[in-house]
Structures are given as structure tokens and as C-alpha cells.
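Me: Could you take a close look at one part of this model for me, the nonpolar core, and tell me how the pieces around it fit in?

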Amino acid sequence: MVRPTIMKIALVIALTMAAGSAYASSTITTVTGLGASSFTPSNNVQIGVASSDSMYSANSKHLNGDRIIAFVSTDSKLYYSSGATVGSTVAAPSASNSNSNLSATSGWNSM
């Protein structure tokens, strides 16, 4: 239940970035301003978001786990990939319309 909520928040962040004048990717690990309020991920959780003028994507990983959860703008599914190094963070994804570009980790499966 928590993962879909995190992904919805990441989607809002990605869309907020897309509405701005600059398109880029960023990693959220601390308090981040969102309009008039703010968002803070759970302890040891990292969220990466990226957007361009035509697509967006986001990924999330807990520092003590090996699974990355992610989504892209062209698909309503959530994807996961296991095998990331425990204790490591993952880079923000590239703005993408393909789940194969969500991070350097391969083997994406639909949830």
C-alpha cells in the first residue's frame, strides 16, 4: 500500500518538474518543496524523478533492500527489479517511455 502512494507522489513531483521551464532529473532524499507544502520520503528511502517535454519516469529504493520500484509515463504499471546492491542508492532515471531505461539495473518485471 505504501509503494503505490510513494509512486503517486513521485508522479506529482515529476509532473511539477515538467511544468517548469527546465527539464531535468533529481533525487529526493530529504524534505522537498511541492507547491505550498513539502514532501519527505520515509527513512532510508530514495526517490528519483526525471521529466522532459514529452515523458517522465520515477524510481524508488530503500537503502536496506535490493529492490527498485519504478514507472514510466507511457504505462500505468509499476515495475520492479531485484538485485540492486543492499546499502547502495540508485541514480535518478532518465526521462523515459520505456521501462528498460529506469536505472542501470536490468530485469524489470511488471507488478
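**A look at the core**

Reply: Sure. Keep in mind that this is a predicted model. The largest nonpolar core is made of 10 residues: Ile-28, Leu-34, Phe-39, Val-45, Ile-47, Val-49, Tyr-56, Ala-58, Phe-71 and Leu-78. At least two of these residues come from strand E4 (45–51), and likewise from strand E5 (56–62). E4 is the top contributor, giving 3 residues to this core. A second core sits apart from this one; it has 6 residues, including Ala-70, Ala-84, Val-90 and Trp-108. As background, nonpolar side chains in soluble globular proteins tend to be buried together.

Now zoom in on Tyr-56 and Phe-71, both of which are buried. The structure has 1 aromatic pair. Its rings belong to Tyr-56 and Phe-71, with centres 6.4 Å apart and planes at 75°, so you can call the pair edge-to-face. Tyr-56 belongs to strand E5 and Phe-71 to strand E6 (residues 67–72), so to speak two distant parts of the chain, 15 residues apart, get linked by this pair.

As for the sheet, E4, E5 and E6 belong to an open, antiparallel-paired arrangement of 6 strands, ordered E1-E4-E5-E6-E7-E8. Strand E1 (25–28) and strand E8 (109–110) are its edges, each pairing on one side only. At the E8 end, strand E7 (residues 79–82) runs antiparallel to E8 and is joined to it by 2 bridges. There, Tyr-79 stands opposite Ser-110 of E8.

Notes
Residues are numbered from 1 along each chain as its sequence is written. This is a predicted model: local features need pLDDT of at least 70, side-chain atom pairs count only at pLDDT 80 or more; totals for chains, interfaces and linings use all residues. Side-chain values use heavy atoms; hydrogens and water are left out. Two strands pair if DSSP finds at least two bridges between them. Helices (H or I, at least four residues) and strands (E, at least two) are DSSP runs, numbered from the N terminus. A nonpolar core is a set of buried Ala, Val, Leu, Ile, Met, Phe, Trp, Tyr and Cys residues joined through side-chain atoms within 4.5 Å. Buried means under 20% relative accessible area, exposed over 50%, partly exposed in between (1.4 Å probe, protein chains only). Rings of Phe, Tyr and Trp (its six-membered ring) pair if their centres lie within 6.5 Å; planes under 30 degrees apart count as stacked, over 60 as edge-to-face and the rest as tilted.
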